[in-house]
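Here are my notes on the model you sent over. Have it open while you go through the points.

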Amino acid sequence: MNATGIAYILWLPPLGLLGVHRFYCGRVGTGLLWLFTGGLVGLGWLIDMFLIPSMVREENARVISRLREQGPLGLMPANHGSAGPPPQPGSLQYDHRVIYCVRCGAAMQVPLEAVGRQYGCPHCRAVLVVPA
Ligand SMILES: [Zn+2]
């Protein structure tokens, strides 16, 4: 089942009238609107029958571009994926992030103040931009 097929299943009543297919397509704002208005009293819901393919396409493109932006640097919070307690203020994990050098692959911790700025890799001296 591809994403468009799933979106159409979620579009069927009663879920679709509550905007579930819109949430699925990443449209939280109009999803909430659908939720509280019954899909604009059914009218918006009906029109969505024709809009779902483009909504799925746009959401896929958004996800892909987000992955492209974040992928090369591998930026993630230092505590990403750990099941331990949340980092405490003052600890290294709290105010630092782990990024990976695009060129040499070295992992390094950068201070949060470096977000949005350029950061030199201490290993290969590549200049990395730390994304937000
Ligand atoms: Zn490097």
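1. Which residue in E3 does Arg 97 stand opposite? Val 110 is the one facing Arg 97. Keep in mind that we're looking at a predicted model here.

2. That pair belongs to a bigger picture: strand E2 (residues 96-100) and strand E3 (residues 107-111) run antiparallel and are joined by 5 bridges. Together E2 and E3 make a hairpin, with 6 residues between them. Have a look at Gly 105 in the turn, where phi is positive at about 80°.

3. Stepping back to the whole chain, I count 5 helices and 5 strands. Along the sequence the pattern reads α-α-α-α-β-α-β-β-β-β.

4. On packing, the chain has 132 residues, and buried ones make up 16% of them. Taking the contacts with a separation of 6 or more, 33% come from residues 24 or more positions apart.

5. Helix H3 (residues 28-41) deserves a look, since there is a bend of about 85° at Leu 35. After H3 comes Gly 42, which has a positive phi near 85°.

6. Then there's Pro 53, which sits in helix H4 (residues 43-70). Is Pro 53 buried or partly exposed? Pro 53 counts as partly exposed, because it has 13 C-beta neighbours inside 10 Å, and a buried residue would need 20 or more. As for a partner from elsewhere in the sequence, Gly 5 is 48 residues away along the chain, yet its C-alpha is 9.1 Å from that of Pro 53.

Note on methods:
Residues numbered from 1 in each chain as written. Predicted model: local features only at pLDDT ≥ 70, side-chain atom pairs only at ≥ 80, totals over all residues. Helix = DSSP H or I, 4+ residues; strand = E, 2+ residues; numbered from the N terminus. Buried ≥ 20, exposed ≤ 12 C-beta atoms within 10 Å, placed from the backbone. Contact = placed C-beta atoms within 7 Å. Bend = angle between axes of the 7 residues up to and from the residue. Pairing = 2+ DSSP bridges.
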